[in-house]
Amino acid sequence: MKDKIFGVLQRVGRSFMLPIAILPVAGLFLGVGGSFTNETMLETYGLMGLMGPGTFINAILQVLNAAGSVVFDNLPLIFAIGVAIGMAKQEKEVSALSAVIAFFVMHATIGAMIGDFGAPDLSGATASVLGINSLQMGVFGGIIVGLGTAALHNRFYKIQLPQVLSFFSGTRFVPIISAAVYLVVGIAMYYIWPVIQSGINALGGFVLASGYGGTWLYGFIERALIPFGLHHVFYIPFWQTALGGTAMVGGSLIEGAQNIFFAELATPGIEHFSVEATRFMAGKFPLMIFGLPGAAFALYRCAKPENRKAVGGLLLSAALTSMLTGITEPLEFTFLFVAPVMYVVHCVFAGASYMIMHILNVGVGLTFSGGLIDLTLFGVMQGNAKTSWLWIPVVGVIYFIVYYLVFSFMIKKFDYKTPGRDDSEIKLYTRKDVNARKEGEAAAQGGEDALSRQIMMGLGGKANISDVDCCITRLRCTVHDASKVDQQLLKETGASGVICKGQGVQVVYGPRVSNIKSDLEAFLASPASDQAAPAAPEAAPETAPSAPAAGKPIVIASPLAGKVIPLEDVADGVFSEKMVGDGFAVEPSDNQVYAPADCEVATVFGTKHAIGLVTPEGCELLIHLGIDTVQLNGAPFTIQVKEGDTLKKGDLIGSFDEKAILDAGYRTVTPVVVTNSDQYSSFELCKTGAVTPGENVLTVE
């Protein structure tokens, strides 16, 4: 049960990352726009004539200010959409549309109830939500909609209704059921939410009344949840709801620490930003800009002298990432798995950083990170009078020294095998081995495929992977059988650490994880992922290399009627750059597909868009019907052969619906590729232009 709850919370946490990802851009707009339209700051720096009211620059800055504000003003809807997308298993765009509909229906229903029965007797209970007079649910309202809509979507997006209602089957049913359910939810929320709001207000009041001790506890818990990937679930309510406090800003009641800060940022005349709000944010700056780099320096100094050069590059990169962007996990995970006690000490220091910033009345907010970028925008540019930001470097220098001394002592005292103290451990943290592997396999599979294949195998193979997603620094996957996960193999892909909890697997890569995730998803959708390893099929493991030695060429014919074009002319990087292998492509004029040589059917892909064949000489062929047509889930294709069938050249393999493919927005151009091209030295295209099925096109030697 605990593992199941962890898996759900992990998915909820990662679903928060999509709406959170927009906050840095919105914060940048608001930070620049709010800073340089603040008349006090302009007067201080003598910029009134250049950027004051009425100037062109001021008008542009006001636009930036408005562009940033509109994001923070509408975070409930953004969270509804983002959570619905993040929690949906497939057809995510349908889940997003359903969430928008459900959000409007719920708040319209609540608005109608308020009109009929009156507003709850609770201070600040109502608010205008996209022009609808509704309850002040804040981002919680969006999360309720997103989670509920995603649950409905995952339950009903494949539903089959009776024939008379068949038009409304499948994904079309999801917005319908979502609207109906959230009409009922809206009625229920009219009665339930005021009670919940009272409880949140009371809890928020308790947290605020807990003073410096409560601030320390907040910082400690936030860092302690990092290894489990649940920190987003923890801090978002403090930042976006009344749990983090309420304040009147510019005549409006604002809920949530981050919302309060950005409302004050956009409001002229604020003398000092609310420390009761920034207490949940400001503690990150000394920790990330100074403390963790001090820890990195300690790890470097404690490495063996002969290993410092190798370790130094890793630690310098991780330290700079922490300082500039506030992304700390690459550095934290460097010592978490080899010295967990040091991580506990780190959590204690983290809580202390938040508490010290609270004591010193530091009023610097942030978007999501806490690095130099946020400090510059929301501290330095706002002036020390409004933020007291000068305390951050003062405390930060002390933090650098403390982290260095404490971590150095612990590493030496307890002989922790941090990077460089044990030669074998360095492999877990550098990219050298992964790059070498990628370079060695690039000719046959493409650079990204080598890494993606290893990650896939580390997760237990393609069939074991249920879901793939990521947050800012970690690949987050759900697997069917956790016992099949090979953590050591995953670490060898360049991961700083691997966390397995139930069916949830998190692989920590740092800021490059979004590219890794995209490559992995593309690889899993490609034919190459259906082979467990890049070796030749078992059918003829020794015959493929023998063909070149015998000097006997292999002739491949066109499987289609149409026009032969060189593979380089296919407008798709995977095929045109020959990542899958060498060969040719056909722009079909007919929809019948035939065997291009005597062969055996090795693979018929589940989506029917591709067929793998093996000739008697061991030449592996892939016929890929169209480009990106895997997305069509087999609908336009009819395959009449099965794996293991023996075919003669010219035997019918199947057919496809050209109009359906084109109407869906995909191309019918069909690559014919030799997937074990590395075993051959020569590929000669002996035919281009118009071709009939069975006409020889390619000679392989």
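**Entry 1: a salt bridge across the chain**

I began with Glu 332 and Arg 223, whose side chains meet in a salt bridge with N and O 2.7 Å apart. This is a predicted model, so I read every value here as computed. The pair links distant parts of the chain, as Glu 332 sits in helix α17 (residues 329-336) and Arg 223 in helix α11 (residues 211-224), 109 residues apart. Are Glu 332 and Arg 223 buried or exposed? I looked, and both are buried.

Next I checked Glu 222, which also forms a salt bridge with Arg 223. Here the closest N and O atoms are 3.0 Å apart. Glu 222 is buried, just as Arg 223 is.

**Entry 2: another salt bridge**

How many salt bridges does the structure hold? I found nine. One that I looked up joins the side chains of Lys 659 and Asp 663, at 2.7 Å from N to O. Both residues lie in helix α28 (residues 658-663), and they are four residues apart, about one turn of the helix. Lys 659 and Asp 663 are both exposed, whereas Glu 332 and Arg 223 are both buried.

I then noted which residues share salt-bridge partners: Glu 222, Arg 223, Lys 284 and Glu 332 are joined into one network.

**Entry 3: a hairpin**

I moved on to strand β3 (residues 246-249) and strand β4 (residues 252-255), which pair in the antiparallel sense over four bridges. Which residue of β4 is the bridge partner of Val 249? My note says Ser 252. Two residues lie between the strands of this hairpin, and Gly 250 takes a positive phi near 60° there.

**Entry 4: a nonpolar patch**

On the surface I looked up a nonpolar patch of about 660 Å². Phe 117, Leu 183, Val 184, Ile 187, Tyr 191, Ile 192 and Ile 196 make up this patch. Where does its largest share come from? Helix α10 (residues 173-209) gives six residues, the largest share.

I picked Leu 183, found in helix α10, for a closer look. Its relative accessible area is 41%. That value lies between 20% and 50%, so Leu 183 counts as partly exposed.

**Entry 5: cysteines**

How many disulfides does a search of the whole structure find? I wrote down zero. I still looked up two cysteines. Cys 347 has a relative accessible area of 2%, and Cys 619 has 0%. Buried means under 20%, so Cys 347 and Cys 619 each count as buried.

Technical notes:
Residues numbered from 1 in each chain as written. Predicted model: local features only at pLDDT ≥ 70, side-chain atom pairs only at ≥ 80, totals over all residues. Heavy atoms only, no water. Disulfide = S-S within 2.5 Å. Buried < 20%, exposed > 50% of the residue type's maximum accessible area, 1.4 Å probe, protein only. Pairing = 2+ DSSP bridges. Patch = residues over 30% accessible without salt bridge, like charges linked within 9 Å, V, L, I, M, F, W, Y side chains within 5 Å. Areas by Shrake-Rupley, 256 points an atom, 1.4 Å probe, with all protein chains shown as cover. Salt bridge = Lys/Arg side-chain N within 4 Å of Asp/Glu carboxyl O.
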